[in-house]
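This report concerns selected residues and their surroundings in one protein model. Please consult the sequence and the structure together while reading.

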Amino acid sequence: MRNGSLLFILIFSVSLMFSQDEACTYNHDRFGSGEVLKYRLYYNWKFVWIPAGEVRFSVQEDDEDYLIEVVGKTFESYNSFFEVDDYFFSRINKETGIPKNFIRKIQEGNYVRYDSIAFYHNKNIASGSLGKTIGTASPYEEQLSTCAHDIISILYHVRNLDLENTQKGSVIPFSVFFDREQFNLKLEIGKRKRKKIKGLGKQETIQLIPEVVAGEVFDEDSKMNIWISDDDNRIPLLIESPVSIGSVKAILVSAEGLKKKVTYVE
């Protein structure tokens, strides 16, 4: 089940929420140092939702950059089915919002991966190393589009986009660099609604429907739903996604150190 872990789906799903046209503009007033978001991951097996693991997003900063860490692990009770132990890191320039460095160290069942990227935006080049481990990773260099993001930096960028004047049914092109490849897909803006979310009650939300890449994780007709908070925080509250062997959910369970007033909990 290469790249089929619940954590990968959560990370890759939320990373698909940005407009290429707006990728070079940045206003980081919706998050800050000390913010921690925690999600619980569920896998659907024969109509039963099984708690599978947790993922933690944390933000720190130095004088020039935001330092984002993402750690995800499956529960011991789920490990016999599919064990995940993943770590992601992104160093994001405070002024531009685009990444300087990205690291991914993952173990997902028998699938092991190491990826390190240095972004040279003035040359539109990504220089990195990719392989099973640090010691066996092979160097590479790839061309990038202007203001390209990694799969972590784009999550924090999208939270600052202006969706107030975006109408239901609007389609936005997006692109993200991952695994030596740049993905160019589309994002549809769904409805705004008051939605009941497990553990959070009824929340004001905005629905986002990203196009997905058919393959080992998604079937050709798969549709994903991402529900973000319709407030100044723009936090992903719920992700619902069919995959090739079932379906998954990721639900926000706690949010600490928010920069904006907490309005996502009823």
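The following paragraphs describe two buried residues and then the nonpolar cores of this predicted model.

**Residues Y140 and S153**

Y140 is part of strand β8, which covers residues 138–143. S153 belongs to helix α3, made up of residues 153–158. The table gives the accessibility of both residues.

| Residue | Element | Relative accessible area |
|---|---|---|
| Y140 | strand β8 | 6% |
| S153 | helix α3 | 1% |

Because its relative accessible area of 6% falls under the 20% cut-off, Y140 is classed as buried. S153, with 1% relative accessibility, likewise counts as buried.

Beyond its neighbours within four places in sequence, Y140 contacts D115, S116, I117, A126, S127, G128, S129, L130, F177 and R180. One of these residues, D115, also forms a polar contact with Y140, side chain to side chain, at 3.4 Å. A126 lies 14 residues from Y140 along the chain, and the C-alpha atoms of the two are 8.2 Å apart.

For S153, the contacts outside the neighbours within four places in sequence are S90, I92 and P99.

**Nonpolar cores**

The largest nonpolar core comprises 53 residues, and the members touching the most other members are L37, F57, I68, I152 and Y156. Setting aside neighbours within four places in sequence, Y156 is in contact with F31, E35, F57, V59 and I68. Separate from this core is a second one of six residues, among them Y43, Y78, V84 and V248.

Terms used. Residues are numbered from 1 along each chain as its sequence is written. This is a predicted model: local features need pLDDT of at least 70, side-chain atom pairs count only at pLDDT 80 or more; totals for chains, interfaces and linings use all residues. Side-chain values use heavy atoms; hydrogens and water are left out. Helices (H or I, at least four residues) and strands (E, at least two) are DSSP runs, numbered from the N terminus. Buried means under 20% relative accessible area, exposed over 50%, partly exposed in between (1.4 Å probe, protein chains only). Contact means heavy atoms within 4.5 Å. A polar contact is a pair of N or O atoms within 3.5 Å; within protein, one must be able to donate a hydrogen and the other to accept it, and residues adjacent in sequence count only if both atoms are side-chain atoms. A nonpolar core is a set of buried Ala, Val, Leu, Ile, Met, Phe, Trp, Tyr and Cys residues joined through side-chain atoms within 4.5 Å.
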